[in-house]
Amino acid sequence: MADDLCPFTKDIFVIKAPKKSPLVLRMFVLVFAMVCGVYICSICVKQISTHSKTGFLNVPVIQKPCPEPNIQPWEIPYVHYPKPKAYSRAECACNPVRYFAILSMQRSGSGWFETLLNNHTNISSNGEIFSVKVRRSNISTIVETLDTIYNLEWNSSASKNECTAAVGLKWMLNQGLMQHHAEILEYFNTRGVSVIFLFRRNLLRRMISVLANLYDRDAKPLNGIHKSHVHSPDEAEILAKYKPKINATLLIPNLKQVEETTAKALEYFKSSRHIILYYEDVVKNRTKLKDVQDFLKVPHRELKSRQVKIHKGSLSQQVENWDDIQKTIKGTHYESFLHADYRK
């Protein structure tokens, strides 16, 4: 009887053991499922967060296009909307900007003319940028410099606020302009740059101004400082005391050379959108400044300059060897230079 009970008891133990194993297994599966659930949830949260951030960062990139300007079809290539990298044009982002370049020669009134333009609220002319040789060392550096100027990223005293309507520079013909004229013309026409030619009719007066400026550069009579332009009558009077002696033998060839250079510049850039001005005309007729403002499509303003003219009055009082000059020029087509006068 006892033997019968023992096997029964053993059987009971053998049967009960497997009942405990499924419970542990279930607990393990439950814990594993919870860990997996937490991990999957964390991944989902990260993905949602990443998409949210990406969407938020992309919002500013989507900008509303600027409305079409009310202009003639031919004007479209000359209307621009620069996007400077260093700052935002903010509410002026849709204000159109015109690009221009003043092409001139030294001592032709370009400095005075540029101060008049910069007196306009909406015009920024950045000066004689290419007087620095490294900027005109090759066409690549020239293009890079022009891109910086026309993208409103050139920092100078002429820089206006973000609502600049016309931006440009003053460029002398002997500063890489004639050397790279074909590439520069292509740039002007491709980028929609308008050209303002500014020359001087009386080339004899220009020659006197050039020689006097060279003397001032070395002598520096204004307290040891060289000034190409002055802002007071006293300074102008001091500089006007110097009377250069012109080489009469080289006078006619020099005048011809300047004429030929001017003619070449007009020929090289004749296919650009341009306007031709002469210093004497602007001095005598201020309506010429309205023509320039119309050319640049900016509102009319009364433009003023603080510069004071240095050489005034009769040419006979400005040259040391006046008699030689008269004899050399009389009978040539330059004779009118002896008598032409104007006031400023």
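**Exercise 1.** How many of the nine residues of helix α2 (residues 110-118) are buried?

*Solution.* This is a predicted model, so let's just read off what it gives. Start with the cut-off: buried means under 20% relative accessible area. Next, go along the helix and list who passes: Ser110, Gly111, Trp112, Phe113, Glu114, Leu116 and Leu117. That makes seven of nine, and α2 is mostly covered.

**Exercise 2.** Work out which side chains of strand β5 (residues 274-278) point to which face, then find the strand's partner.

*Solution.* Step one: the side chains alternate, with Ile275 and Leu277 pointing to one face, where they are buried. Step two: His274, Ile276 and Tyr278 point to the other face and aren't buried. Step three: look for the neighbour. Strand β4 (residues 193-199) runs parallel to β5, and five bridges join the two. For a handy landmark, phenylalanine 197 stands opposite isoleucine 276 of β5.

**Exercise 3.** Which residues line the largest cavity, and how do they divide into nonpolar, polar and charged?

*Solution.* First, the count: the structure holds one cavity of 30 Å³ or more, with about 30 Å³ of space in it. Then name the lining: Trp74, Glu75, Tyr78, Arg98, Arg273 and Lys297. Finally, sort them: two nonpolar, no polar and four charged.

**Exercise 4.** Place glutamate 235 in its helix and find what its side chain contacts.

*Solution.* Glutamate 235 sits in helix α7 (residues 233-240). Leaving out residues up to four places away in sequence, glutamate 235 touches Leu222, Lys227 and Val230. Now check for polar contacts: the glutamate 235 side chain makes one with the side chain of lysine 227, at 2.7 Å.

Methods
Residues are numbered from 1 along each chain as its sequence is written. This is a predicted model: local features need pLDDT of at least 70, side-chain atom pairs count only at pLDDT 80 or more; totals for chains, interfaces and linings use all residues. Side-chain values use heavy atoms; hydrogens and water are left out. On a 1 Å grid over the protein atoms alone, a cavity is a set of points where a 1.4 Å probe fits but cannot get out, and a pocket is an open set with protein on both sides within 12 Å along at least five of seven lines; lining residues have an atom within 4 Å of a point. Grid points are joined across faces, edges and corners, and a volume is the space filled by probe spheres set on the points. Ala, Val, Leu, Ile, Met, Phe, Trp, Tyr, Cys and Pro count as nonpolar, Asp, Glu, Lys and Arg as charged, and the others, Gly among them, as polar. Helices (H or I, at least four residues) and strands (E, at least two) are DSSP runs, numbered from the N terminus. A polar contact is a pair of N or O atoms within 3.5 Å; within protein, one must be able to donate a hydrogen and the other to accept it, and residues adjacent in sequence count only if both atoms are side-chain atoms. Contact means heavy atoms within 4.5 Å. Buried means under 20% relative accessible area, exposed over 50%, partly exposed in between (1.4 Å probe, protein chains only). Two strands pair if DSSP finds at least two bridges between them.
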